[in-house]
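Hi there,

Here is the structure I promised to pass along. Have a look at it first, and then read on for what turned up.

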Amino acid sequence: MAVWDVHARARNERLVDAIGGAVRTRVPLWWSFGDQSAEADEAGVRAKVTEGIHSFMFKVGGPVGPQAAVARVAAFARYADDVDALCCVDANAGWTESQAMTFAAGVQPYARHCLFLEQPMPPTAPHEAFARVRKTLGIVLLVADESIVTLADGAALAATGAVGGVSIKCSKSGGVTRTLAIARLADAVGMAVQARALGPRAQPCVHVFSWHECCALISFL
């Protein structure tokens, strides 16, 4: 990140212009909730909306089965319009294909409130399995996280049509340049991109770069 900063300063330009140019000047903030009750979700969502946050990630997977995940989205959908909010679900690679398909089918009545499902199955699951889940999800995007670390991973996902989006992190892919390469590939093939900085655990410089990156991405979630 320091090298990119020096590069931009040497050319007397903004970092966002050095990495491709801004296509937006504002980006939505996402807030994550762990495994908790629907009542806790609602209280948390309503509190964060007052702070200007309208996009929320529900962490599930593992012991939280697909039916419980659908129930969380269903509960969210009851008040989502009142607070002008969207959600997504991150299964953290904790489900089987059968469980992912159960969620994909069950979430359909609430699909307009759920923007995407992130990494329902382990990275070792075949791309064909991801593609089947993606088809069942319909308008809900299927996003890869643990399945995409390198540019080669991105190319393989794009070639098989396994997912509709990718979650990228500098800390995951080995720095700014490699992360940008994945983002540009995703843009080129029409995959949506979510840029993440691992929340409060990330250094401030990582957050700053992620904000610039989000402004430069075409298909940004």
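**Strands, salt bridges and a buried serine**

Strands β2 and β3 pair in the parallel sense, with five bridges between them. Please keep in mind that this is a predicted model.

Let me start with β2, since several findings meet there. Four of the five residues of β2 are buried, so the strand is mostly covered. On the β3 side, Met57 stands opposite Cys88. β2 also pairs with strand β1 (residues 30-33), again in the parallel sense, over four bridges. In that pairing, Phe33 has Phe58 in β2 as its bridge partner.

The helices complete this part of the picture. β1, helix α3 (residues 38-49) and β2 form a right-handed β-α-β unit. β2 then goes on to form a right-handed β-α-β unit with helix α4 (residues 66-83) and β3.

As general background for the next part, side chains of opposite charge can pair when their charged atoms come close. How many salt bridges does the structure hold? There are 10 of them, and a few deserve a closer look.

One of them ties in with the strands above. Lys59 and Asp90 form a salt bridge, with 2.7 Å between the closest N and O atoms. This pair links distant parts of the chain: Lys59 belongs to strand β2 (residues 55-59) and Asp90 to strand β3 (residues 86-90), and the two are 31 residues apart. Is Asp90 buried or exposed? Asp90 has a relative accessibility of 0%, so this residue counts as buried. Lys59, at 24% relative accessibility, counts as partly exposed.

Another salt bridge joins two helices. Glu97 pairs with Arg132, and their closest N and O atoms are 2.6 Å apart. Because Glu97 lies in helix α5 (residues 97-106) and Arg132 in helix α6 (residues 127-137), the pair ties together parts that are 35 residues apart in sequence. Both ends of this bridge are partly exposed: Glu97 has a relative accessible area of 25%, and Arg132 has a relative accessibility of 41%. Elsewhere, Asp145, Lys169 and Lys172 are joined into one network by salt bridges that share partners.

A further example is the salt bridge between the side chains of Glu13 and Arg11, at 3.5 Å from N to O. Glu13 is partly exposed, with a relative accessible area of 25%. Arg11 counts as exposed, because its relative accessibility is 51% and the cut-off for exposed is over 50%.

Finally, a word on Ser147. Where is Ser147 found? Ser147 sits in the loop between β5 (141-144) and α7 (151-160). Ser147 has a relative accessible area of 12%, and buried means under 20%, so this loop residue is buried. What does Ser147 touch, leaving out residues up to four places away in sequence? Its contacts are Gln119, Pro123, Phe130, Asp153 and Leu157. With Gln119 there is also a polar contact between the side chains, at 2.9 Å.

If you open the model, β2 is a good place to begin: β2 pairs with β1 and with β3, and Lys59 in β2 makes the salt bridge to Asp90. From there you could turn to the Glu97 and Arg132 pair, and then to Ser147 in its loop.

Best wishes, and happy browsing!

Conventions: Residues numbered from 1 in each chain as written. Predicted model: local features only at pLDDT ≥ 70, side-chain atom pairs only at ≥ 80, totals over all residues. Heavy atoms only, no water. Salt bridge = Lys/Arg side-chain N within 4 Å of Asp/Glu carboxyl O. Buried < 20%, exposed > 50% of the residue type's maximum accessible area, 1.4 Å probe, protein only. Pairing = 2+ DSSP bridges. Right-handed = clockwise from strand over helix to strand, strands pointing away. Polar contact = N/O pair within 3.5 Å; in protein donor to acceptor, adjacent residues only side chain to side chain. Contact = heavy atoms within 4.5 Å.
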